[in-house]
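Here are some short exercises on charged side chains and their partners. Keep the structure open beside you and try each task before reading its solution.

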Amino acid sequence: MASPAPSIPDTQLGLTPDEIQLLRRHQPLALSLHHHPHGRGASPASSTRTTSTSQPHALLLDPRSLAALSYHFDRLLLSIQERVNYLNAQTMRSVDMSNRRAMTAMEAADAEIKRFREVIRQIEELEGEFEKVRRVGEIVRGWRGRVEGLEGRLGR
């Protein structure tokens, strides 16, 4: 009978409770993938054998188990990094699209401001013309009054 693989209780590794749960979840998976590298999980009997040769909830310290666990976590980190990269790219795409929409909105607003300023300029120009016409009208009315007054004197 083979001697049990050297191990250390996972509670003595200085890990947080969440990290211990992560290790407990991934160690059997890493070992089963190591024994069956093409993605086929280990049979229940082989998983039981792996854990029965060591202390329950312990980190196996043999080089093969540590290498399998290390490889598994490297692949897991790579998978997480790829997901982060994908999400970063999606975020950048969203920000870029938002910036484009904002730039389009700003350009449209600038065009509307320019058009509004032109309308105001034309209104001010028309107000100036209106004021000139009003003054001319007052002058004409004044002259008309004088002319009518002269006609009245001459016509008597």
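A salt bridge here is a side-chain nitrogen of Lys or Arg within 4 Å of a carboxyl oxygen of Asp or Glu. Buried means under 20% relative accessible area, exposed means over 50%, and partly exposed lies in between. Please bear in mind that the model is predicted.

**Exercise 1. Find out what surrounds Asp62 and which side chain of opposite charge is nearest to Asp62.**

Solution.
- Step 1: Locate the residue. Asp62 sits in the loop between β2 (58–60) and α3 (63–155).
- Step 2: Look for a charged partner. The nearest side chain of opposite charge is that of Arg64, 6.2 Å away.
- Step 3: Apply the cut-off. A salt bridge needs the nitrogen and the oxygen within 4 Å, and Asp62, although buried, has no salt bridge.
- Step 4: Look for other partners. The Asp62 side chain makes a polar contact of 2.6 Å with the side chain of Ser65. Setting aside neighbours within four places in sequence, Asp62 also touches Ala5 and Pro6.

**Exercise 2. Work out which parts of the chain the pair Asp10 and Arg24 ties together.**

Solution.
- Step 1: Check the pair. The side chains of Asp10 and Arg24 form a salt bridge, at 2.6 Å from N to O.
- Step 2: Place both ends. Asp10 belongs to the loop between β1 (7–9) and α1 (17–35) while Arg24 belongs to helix α1, so the bridge joins parts 14 residues apart in sequence.
- Step 3: Compare the surroundings. Asp10 is buried, at 2% relative accessible area, whereas Arg24 is partly exposed at 27%.

**Exercise 3. Describe two salt bridges inside helix α3, Glu118 with Arg121 and Arg134 with Glu138.**

Solution.
- Step 1: Take Glu118 and Arg121. Their closest N and O atoms are 2.5 Å apart. These two residues are three apart in helix α3, so about one helical turn separates them.
- Step 2: Check their exposure. Glu118 is partly exposed at 32%, and Arg121 is partly exposed at 39%.
- Step 3: Widen the view. Glu118, Arg121 and Glu125 are linked in a network of salt bridges.
- Step 4: Turn to Arg134 and Glu138. Their side chains meet at 2.2 Å, N to O, and the residues are four apart in helix α3, again about one helical turn.
- Step 5: Check this pair's exposure. Arg134 is partly exposed at 35%, and Glu138 is partly exposed at 40%.

**Exercise 4. How many salt bridges does a search of the whole structure find?**

Solution.
- The search finds nine. Among them are Asp10 with Arg24, Glu118 with Arg121 and Arg134 with Glu138.

Conventions. Residues numbered from 1 in each chain as written. Predicted model: local features only at pLDDT ≥ 70, side-chain atom pairs only at ≥ 80, totals over all residues. Heavy atoms only, no water. Buried < 20%, exposed > 50% of the residue type's maximum accessible area, 1.4 Å probe, protein only. Lys, Arg positive; Asp, Glu negative; His and termini not counted. Polar contact = N/O pair within 3.5 Å; in protein donor to acceptor, adjacent residues only side chain to side chain. Contact = heavy atoms within 4.5 Å.
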